[in-house]
Amino acid sequence: MSPPPEPAGAAGSPLLPLLAARIRAQGPLGLPEYMALCLGHPRHGYYATRDPLGRDFVTAPEISQVFGELVGLWLVERWQALGSPARFRLVELGPGRGTLMADALRAARLVPAFGEAARLHLVESSPLLRRSQEAALAPLLPAGRSARWHESIETLPEGDAKGGPLLLVANEFFDALPIRQYQRTEQGWAERQIGLAEDGRTLAWGLGPALPEAALPGLPAAEPGELAELGLAGRRLAATLARQLAGEGPGPIPKGGGWALILDYGYAPSRTGDTFQALQDGRPADPLAAPGRADLTAHVDFAALAAAAEAEGAAARGPVEQGAFLEALGLAQRIEALSRAAAREQAEALAAGARRLAAPEAMGRLFKALALGPAGAPAPPGFASA
Ligand SMILES: C[S@@+](CC[C@H](N)C(=O)[O-])C[C@H]1O[C@@H](n2cnc3c(N)ncnc32)[C@H](O)[C@@H]1O
């Protein structure tokens, strides 16, 4: 007898039989478990098995060097606003190929003391991408220094005398963090879960039991049938960062303290809707069809991140639209300066990159920037209107 055919779209997904076996043994999966396994499984997870940048999606730093340069100058200005400490923790969450940080460090050479003071920490789960980051960043660090890698922010060194304040950047990191989805039913909210389809081998959506209203505070008002999302991992991360950034003690520059710049696609205020999405080979895909082979993300609820940070005593500025943020930091001027020394084709590519980053119909409106910092601190550059 020949084996049954592979389910459509699942060809080459070694994770599918593992997930099916787990569901048979333990029952349906919540979305956080599903996302964590699909993205982070050490052998078959999406990020463990490939470098998806340029293949499934292109991120802002890969579109234009100016993105990382402007972020670098923003970090230098924040370092100066903190009193130019002799040592600080420069952290990036999910650095991809290291392109953003490389462009940032190159731009920051305008102020050499910044690079001398920085101790670079990278939070990255993919061994493959860690290697790219090492290759991109090692030549830019002062002699004898190297970056340190972390699985999560939990292992970052403490601030104050040991590590100095924190300056952190995260571009397209929060969208990869697990969310839960709930559907409004006549009986209340019910969690969306992933179980097995009737064939017993492919995955299918289902609903858990209706939950008491008090179990889910903070979900938006909704009509039966509507979906709402809860990004608890993102909120917890924003709260953890906020506790460090808020610093301690009186004065304009608290001990510890620092700033975080979060850039991503998302929305504010919080609202209902299904933003869970899969990209496979550069195209939208069914998120349940080929686990581990597609990138899974959800739009970031910026209002929820800001609220989580403020609840821990930090200030949240923004979000502001990415287009407005980059323009305020000098996108047009930098493109003009680079174009003056460039051949015509290069100048056209620079202008096209800038349009892609900033135009409202491209990334300029959907992508947003949120800054977290010490309570009461004046708005940083790019956030003056927020
Ligand atoms: C969409 S890529 C963005 C890369 C880069 N920031 C850029 O803009 O090009 C997401 C990055 O976060 C990393 N990542 C995703 N989830 C992670 C997690 N839970 N812990 C650590 N790194 C993670 C990925 O390996 C990758 O480097």
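This briefing describes the domains, ligand surroundings, nonpolar core, central strands and unusual backbone geometry of one protein chain. The structure is a predicted model. The chain is divided into domain 1 (31-179 + 235-322 + 368-374) and domain 2 (181-230). A ligand has 21 residues around it, and the largest nonpolar core holds 102 residues.

**Domains**

- The centres of domain 1 and domain 2, taken over C-alpha atoms, are 30 Å apart.
- Contact between the domains involves 13 residues of domain 1 and 11 residues of domain 2.
- On the side of domain 1 that touches domain 2, there are 6 nonpolar, 4 polar and 3 charged residues.

**Ligand surroundings**

- Thr59, Gly94, Gly96, Ser125 and Asn171 come nearest to the ligand among the 21 residues around it.
- Helix H2 (31-40), helix H4 (60-63) and helix H6 (99-107) are the elements that each give two or more residues to this shell.
- The shell around the ligand consists of 10 nonpolar, 8 polar and 3 charged residues.

**Nonpolar core**

- Within the largest nonpolar core, Leu261, Leu305, Ala309 and Leu372 touch the most other members.
- Helix H5 (residues 65-81) gives the most to this core, namely 9 residues.
- Both domains take part, since at least three residues of the core come from each of domain 1 (31-179 + 235-322 + 368-374) and domain 2 (181-230).
- Apart from its neighbours within four places in sequence, leucine 372 is in contact with Ala238, Leu241, Ala242, Leu245, Trp259, Ala260, Ala309, Ala314 and Ala316.

**Strand S5 and its partners**

- In strand S5 (residues 166-171), 6 of 6 residues are buried.
- Leu166, Leu168 and Ala170 point one way from S5, while Leu167, Val169 and Asn171 point the other way, and all are buried.
- Asn171, which belongs to the second of these sets, is also one of the residues that come nearest to the ligand.
- S5 pairs with strand S2 (residues 88-93) in the parallel sense over 5 bridges, and leucine 93 stands opposite alanine 170 in that pairing.
- S5 also runs parallel to strand S10 (residues 258-267), to which 6 bridges join it.
- In the pairing with S10, alanine 170 stands opposite isoleucine 262.

**Unusual backbone geometry**

- Most residues other than glycine have a negative phi, and most peptide bonds are trans.
- The peptide bond from alanine 268 to proline 269 is cis, with omega near 5°; proline 269 is found in the loop between S10 and strand S11 (277-280).
- A cis peptide bond also links glycine 318 to proline 319, with omega near 10°; proline 319 lies in strand S15 (residues 314-321).
- Serine 84, in the loop between H5 and S2, has a positive phi near 50° although it is not a glycine.
- Serine 84 counts as partly exposed because it has 13 C-beta neighbours inside 10 Å.
- Glutamate 172, in the loop between S5 and strand S6 (180-185), is a residue other than glycine with a positive phi of about 55°.
- Glutamate 172 counts as buried because 22 other C-beta atoms lie within 10 Å, and the cut-off for a buried residue is 20 or more.

Key:
Residues are numbered from 1 along each chain as its sequence is written. This is a predicted model: local features need pLDDT of at least 70, side-chain atom pairs count only at pLDDT 80 or more; totals for chains, interfaces and linings use all residues. A residue is near a molecule or strand if its C-beta atom, placed from the backbone, lies within 6 Å of it. Helices (H or I, at least four residues) and strands (E, at least two) are DSSP runs, numbered from the N terminus. Ala, Val, Leu, Ile, Met, Phe, Trp, Tyr, Cys and Pro count as nonpolar, Asp, Glu, Lys and Arg as charged, and the others, Gly among them, as polar. Domain bounds come from an automatic or database domain assignment. Two residues are in contact if their C-beta atoms, placed from the backbone, lie within 7 Å. A nonpolar core is a set of buried Ala, Val, Leu, Ile, Met, Phe, Trp, Tyr and Cys residues joined through C-beta atoms within 7 Å. A residue is buried if 20 or more other C-beta atoms lie within 10 Å of its own, exposed if 12 or fewer, and partly exposed in between; C-beta atoms are placed from the backbone. Two strands pair if DSSP finds at least two bridges between them.
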